[in-house]
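Reader: Hi! I'd like to get to know a protein structure today. Could you walk me through one?

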Amino acid sequence: MKSDVEAADALKKKYEELSQEIGKVIVGQEETVKLLLTAVFCQGHCLLVGVPGLAKTLLVQTIASALDLDFNRIQFTPDLMPSDITGSETLDNQRNFKFVKGPVFANIILADEINRTPPKTQSALLEAMQEYAVTVSGQKHNLSRPFFVLATQNPIEQEGTYPLPEAQLDRFMFMVSLDYPTLEQEMQIVKNTTSSREVSINKVLGAEEIVEFQQLIRKVPVSDHVIEYAVKLVQNTRPGIENASTQAKTWLEWGAGPRASQNLILAAKCNALFQGKYSPDIDDVKAVAYPILRHRIVRNFKAEAEGISTEKIIGELL
């Protein structure tokens, strides 16, 4: 690209092409697709929460196909070990140790039902998310870029699960809640999936272009008043500080940390570029506030007893 402005225009065009390609397979879920692509371009990761059958796996596979990236799916189970994800060293024919890469060595990882496996195995994936590398037998192995993890959780059947602690949840840029499709959308889904219809997904973006767009988003200028709004919004979730909001003091046990402020600005930048703007405003921050704050604030007993949802608290803070 000759200039950053030209690159910004190219990103908007590529986003529209990606949405069109993904829409060939995925009916509805436009906001979810937008958030997942935002996470990809912001070097973030997503936690997707929804009941079975809402095409979570198909959605990620479709995005991986449109992005021309390596894709691996890991089904998390109670007996899964860290080496099953990262890989392990084995003896070859010459009795030398050779590292065999695990499924984490791909561009896009679908961590299916991440809360079904013990914390030791969860932490192996979370280390890769944070460090973009894994360590096996004291040897560090770097992961290829871009690297994007989409983990799924089933909100029902919580028996025998290992919920992610708040410190690990904080590593996910977004927590996206998937809802049931509307009547019209479900009718279209049934038509598409019960016929002989075959769809081919065109490759829109490659790994090198994605890395360039990730660097572009970091260059997007942001006004101080937008940064101030994002930081104040996050600080208003913290009940222990002097200037805490009434909502935080009344309904919250813990608030969001500084990573939430960083993600609000990064996601707002990407949201602005998707809409053809060259700098984000407060509306762009509000547009990404729910999925960024949803898993970073902890309700107190009073809020749970009175049925005050996390979404309602965030809405009042906005």
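Author: Happy to; we can talk about rings, a charged pair and a strand. This is a predicted model, where local features need pLDDT of at least 70, side-chain atom pairs count only at pLDDT 80 or more, and totals for chains, interfaces and linings use all residues. Residues are numbered from 1 along each chain as its sequence is written, and side-chain values use heavy atoms, with hydrogens and water left out.

Reader: Cool. How many aromatic pairs are there in the whole structure?

Author: A search finds five. Rings of Phe, Tyr and Trp (its six-membered ring) pair if their centres lie within 6.5 Å; planes under 30 degrees apart are stacked, over 60 edge-to-face, and the rest tilted. Tyr-15 and Phe-274 are a stacked pair, 4.0 Å centre to centre with 5° between the planes.

Reader: Where in the chain do Tyr-15 and Phe-274 sit?

Author: Tyr-15 is in helix α1 (residues 4-23) and Phe-274 in helix α11 (residues 258-274), 259 residues apart. Helices (H or I, at least four residues) and strands (E, at least two) are DSSP runs, numbered from the N terminus.

Reader: Is Phe-274 buried or exposed?

Author: Phe-274 is buried, at 4% relative accessibility. Buried means under 20% relative accessible area, exposed over 50%, and partly exposed in between (1.4 Å probe, protein chains only). Phe-274 also forms an edge-to-face pair with Phe-41, at 6.0 Å and 75°. Phe-41 lies in helix α2 (residues 30-41), so this pair ties together parts that are 233 residues apart in sequence.

Reader: Which residues form the aromatic cluster?

Author: Tyr-15, Phe-41, Phe-213 and Phe-274 form one cluster.

Reader: New topic! What does the side chain of Asp-170 join up with?

Author: The side chain of Arg-259, through a polar contact of 3.0 Å. That term means a pair of N or O atoms within 3.5 Å; within protein, one must be able to donate a hydrogen and the other to accept it, and residues adjacent in sequence count only if both atoms are side-chain atoms. Asp-170 itself is found in the loop between α6 (166-169) and β9 (174-177).

Reader: And why is strand β8 called largely enclosed?

Author: Because six of the six residues of β8 (residues 148-153) are buried. On one side these are Phe-148, Leu-150 and Thr-152, and on the other Val-149, Ala-151 and Gln-153.

Reader: Which way does β1 pair with β8?

Author: Strand β1 (residues 46-49) pairs with β8 in the parallel sense over four bridges; strands pair if DSSP finds at least two bridges between them. Cys-46 stands opposite Leu-150 in β8.
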